[in-house]
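Welcome! Take a moment to look over the sequence and the model, and then we will walk through a few parts together.

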Amino acid sequence: MSTPLDPQRIVALGALSAIGKATLRLYAEEGARIVIAGRGEERLHALAEDLRARGAKQVVPWQVDLSDCPDSRTEFGRMAASIGGLDGVLLFYGTLGDNAKAEKDVTEARRIIQTNFTSAAEWCLTAADIIESQAHGSLVVIGSVAGDRGRQSNYIYGAAKGGLALLMQGLAHRLAECGGRAVIVKPGFVDTPMTASITKGGPLWAKPEAVARIIKRAATKSGPVVYAPGFWRWIMLAIRAVPAPVFHKTKL
Ligand SMILES: NC(=O)c1ccc[n+]([C@@H]2O[C@H](COP(=O)([O-])OP(=O)(O)OC[C@H]3O[C@@H](n4cnc5c(N)ncnc54)[C@H](OP(=O)(O)O)[C@@H]3O)[C@@H](O)[C@H]2O)c1
């Protein structure tokens, strides 16, 4: 286990996401050791350079398709070993997918669910075993407010994120006994490539840097469910409370 004076050892799954990069910059500034896992060697190497320049003590680029890893347990163990152990796991990756297409095309539906839930659940269960066995560490996963209530425009993505939220609540319950942490951070609208096709602007939109600060804080404080920004807790409370006959008249 690292002491407070040692740099943190972080495995970041989906490090190339805009929210991931913004979060990892905060860890780099504190001199962390980081595995950056994602697709695309060139992009991983560019991010590694950026994080080293910001102060990261060690950055290990890890080229992997995170939703199609045949032996995620072994792979995860190798990632952690490459930085001398594990203090934190951050899971960023995800895909919005095409809901309308997925309604008719099971391959697209499977891709959305495999990426956002099934594969993510595998990594989380593996990470939780390590955290439990060493009685130390945190697992922070990016969910979505879309997982709080099914809406006609994105309920397949929402279902996957909602499933992930339940898994994380269960893991938080399980890890509480050993002092480990499991937290799901649920962003609202964030200005990233994932939302490139949506018109942006207004008070509901956040920048990745603002969400990053909430994610970093979630690794040590609050949870197991954190909204980013926090006002989404109250928006989603209200949205969940709308009776179905009223909700079904909307086109959300
Ligand atoms: N932006 C929002 O408004 C918003 C709101 C709520 C929740 N979220 C969640 O926030 C997280 C980060 O997304 P973002 O907004 O930062 O968008 P982003 O920049 O588009 O990031 C998504 C990342 O996931 C990666 N990814 C997807 N499938 C992968 C796979 N199989 N293996 C490896 N990497 C994979 C993508 O890699 P490639 O570039 O290789 O495709 C991309 O780097 C996601 O989980 C998303 O669901 C976002």
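How many bridges join S1 to strand S4? Four bridges join S1 to S4 (residues 88–91), and the two strands run parallel.

## About the model

This is a predicted model, in which local features need pLDDT of at least 70, side-chain atom pairs count only at pLDDT 80 or more, and totals for chains, interfaces and linings use all residues. Residues are numbered from 1 along each chain as its sequence is written.

## Strand S1 and its partners

Helices (H or I, at least four residues) and strands (E, at least two) are DSSP runs, numbered from the N terminus. Two strands pair if DSSP finds at least two bridges between them. Besides S4, strand S1 (residues 9–13) is joined to S2 (residues 33–38) by five bridges, again in parallel. Val-11 has Val-35 as its bridge partner in S2, while Ile-10 is matched with Gly-88 in S4.

Five of the five residues of S1 are buried, meaning that 20 or more other C-beta atoms, placed from the backbone, lie within 10 Å of a residue's own. Arg-9, Val-11 and Leu-13 point one way, and Ile-10 and Ala-12 the other. In a regular strand the side chains alternate between the two faces of the sheet.

## Contacts of Ala-12

Leaving aside neighbours within four places in sequence, Ala-12 is in contact (C-beta atoms, placed from the backbone, within 7 Å) with residues including Gly-20, Leu-24, Ile-36 and Phe-92.

Conventions: Contact = placed C-beta atoms within 7 Å. Buried ≥ 20, exposed ≤ 12 C-beta atoms within 10 Å, placed from the backbone.
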